[in-house]
Amino acid sequence: MRMLIDGEFIESSSKETIGIKNPATGEFIDSVPLGNSDDVGRAVDAAEKAFDDWSAMVPRERGKILFKAAQIVRERARGLAEILTSEQGKPYKEARDEVLGFANVLEYYNGISASLQGGFVPLASDRYCMVLKQPVGVCGAIIPWNVPAILMGWKVGPALVTGNTMVLKPSSTSPLTDLSLASILTEAGLPKGVLNVVTGHGQAVGEPLVTNSKVRKISFTGSTETGMRIKELTSGSLKRITLELGGSDPMIVCDDVDIDTAVEGAVRGRFYNCGQTCTAVKRLFVFESIAEEYIRKLSSRISGLKVGNGMNKDVDIGPLNNYDQREKMISQMKRVRENNEGIVVTGGKIPEGPQYDNGFFYTPTLVRDVIKDSVLLKEEVFGPILPVVVVKDLDEAIELANDTRYGLGASVWTRDIKKATYATARLQSGIVWINQHTKAPADVPFGGIKDSGLGRENGLDSLYEYQEIKTVMVNV
């Protein structure tokens, strides 16, 4: 596939390409251009050229284009999901849900497009003030490989509906879905130059995009370390940035829960997308009075999960997306074993069999009695490993939950609304779920605190990230 600049799908000026491989089989599936700073410059210039006409369009008309694109995505969901599974590795059902989630995001922003408006303030009989909300200008978006479709929607939807133009950089290991979705937006009537997609590696494409003086806003989703690098690169300017970074989400299971429900919550919250989700359950705290029964049932469920190629119907967990991700899992579990940081209940190895030989598979893993300073609690574990800590009460659970540099999400599982309210007020995170985890509909703000990021995506709050406020004082 080719990258998209000024309405045309073209090669990079480098004439080089990146090969995309299926993480389940190691097979070559496609290639994309190896972009560079020249390509970024052309894309930014195209976005700048398109800005005046796009921003002058009535918001409702911009919304109609997003809605038409959403309809096409729904019609082609099967094919798009197959592309996503082949390049990212997740099971087909998860891929299809993600593609439909992209459509849902566009539909949401179409729905509010007719309500975009400023304000009017009467000051005196012959004076008044108008409050205008105007687009920021050319925006840059950097997308990770774990959920490329939904995160593209989170950035493209609010940026475009408010009249901005955009240059998007997808991950170099899963760019095919984003390019396909960009093609559909173009097909739906998006004018040339409004959305541009430049493929390539972070240093060659991401950094020139972040530092380009014509780009007035950057939205990034990825690691905390890269987010801090972006903050450093933009420190010499007043460029807007939204950073949705790493997380080490705690899940607290109180002793009044329905145990089976809380087990299912932990399984889905941890092992969805092979654990490669920023808001995945990454640390589990269970009250001691139910710990043995809970861990026994949880272990049974985890050991029964089927690992394999995401295109197989009966597979629960696909491979990790790339070699480096699996190496991190191997390294973290090696440290756990060498330092006696916990007891491995199930998993903790590469699965055996010819069907696993060429992919980046790792068995779903449960580790109990994890010590306070374990790597599994101090670092973000971006894969199918779940550490469990037994706690005596809610206060201890909250204290341990907050003992991290991260603050993206957290969940509390209880039937007692007082416990839920108490925990919600004290947990240091941008999102708190009660008796659920990981759900993030387009209607509500999403983002973290501490080292988990800056700003918010989704909902009405995301619109503020892409708009400037202009006060107009009128004396007639």
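**Exercise 1. Two helices**

Are α3 and α6 roughly parallel or roughly antiparallel to each other?

*Solution.* A note on the model comes before the steps. This is a predicted model, in which local features need pLDDT of at least 70, side-chain atom pairs count only at pLDDT 80 or more, and totals for chains, interfaces and linings use all residues. Residues are numbered from 1 along each chain as its sequence is written, and side-chain values use heavy atoms, with hydrogens and water left out.

Step 1. Locate the helices: α3 spans residues 77-88 and α6 spans residues 176-187. Helices (H or I, at least four residues) and strands (E, at least two) are DSSP runs, numbered from the N terminus.

Step 2. Take the angle. The two axes come within 8 Å and cross at roughly 155°. Axes are lines fitted to C-alpha atoms, for helices over the stretch in contact, and angles run from 0 to 180 degrees between N-to-C directions.

Step 3. Apply the cut-offs. Angles under 35 degrees count as roughly parallel, over 145 as roughly antiparallel, 65 to 115 as roughly perpendicular, and the rest as oblique. α3 and α6 are therefore roughly antiparallel.

Step 4. List the contact (heavy atoms within 4.5 Å). α3 brings L80, I83, L84 and E87, and α6 brings L176, T177, S180, L181 and I184. These residues divide into 6 nonpolar, 2 polar and 1 charged. Here Ala, Val, Leu, Ile, Met, Phe, Trp, Tyr, Cys and Pro count as nonpolar, Asp, Glu, Lys and Arg as charged, and the others, Gly among them, as polar.

**Exercise 2. The open sheet**

Find the strand order of the open sheet of 7 strands, then its edges.

*Solution.* Step 1. The order reads β14-β15-β16-β13-β12-β17-β18, with mixed pairing. Two strands pair if DSSP finds at least two bridges between them.

Step 2. β14 (343-346) and β18 (431-434) stand at the edges. Each has a single partner strand, so one side of each lacks a neighbour in the sheet. From one strand to the next, the twist averages 25°.

Step 3. Check one pair. β12 (residues 249-253) and β17 (residues 409-413) run parallel, joined by 3 bridges. I252 stands opposite V412 in β17.

Step 4. Add the helices. α10 (residues 291-303) packs on the sheet and touches β12, β13, β14, β15 and β16; its direction makes about 160° with that of β15. α13 (residues 394-401) lies across β12, β13 and β16, at about 160° to β13.

**Exercise 3. From β5 to β20**

Which residue of β6 is the bridge partner of F120?

*Solution.* Step 1. β5 (residues 119-124) and β6 (residues 127-135) pair in the antiparallel sense over 5 bridges. A hairpin of 2 residues joins them.

Step 2. The partner of F120 is M130.

Step 3. Carry on to β20 (residues 467-475), which pairs with β6 in the antiparallel sense over 9 bridges. There, M130 has V472 as its bridge partner.

**Exercise 4. The second largest cavity**

Which residues line the second largest cavity?

*Solution.* Step 1. On a 1 Å grid over the protein atoms alone, a cavity is a set of points where a 1.4 Å probe fits but cannot get out; lining residues have an atom within 4 Å of a point.

Step 2. The lining is L4, G7, T186, L190, P191, K192, G193 and L195.

Step 3. Sort them: 4 nonpolar, 3 polar and 1 charged.

Methods:
1 Å grid on protein atoms, 1.4 Å probe; cavity = no way out; pocket = protein on both sides within 12 Å on 5 of 7 lines; lining within 4 Å.
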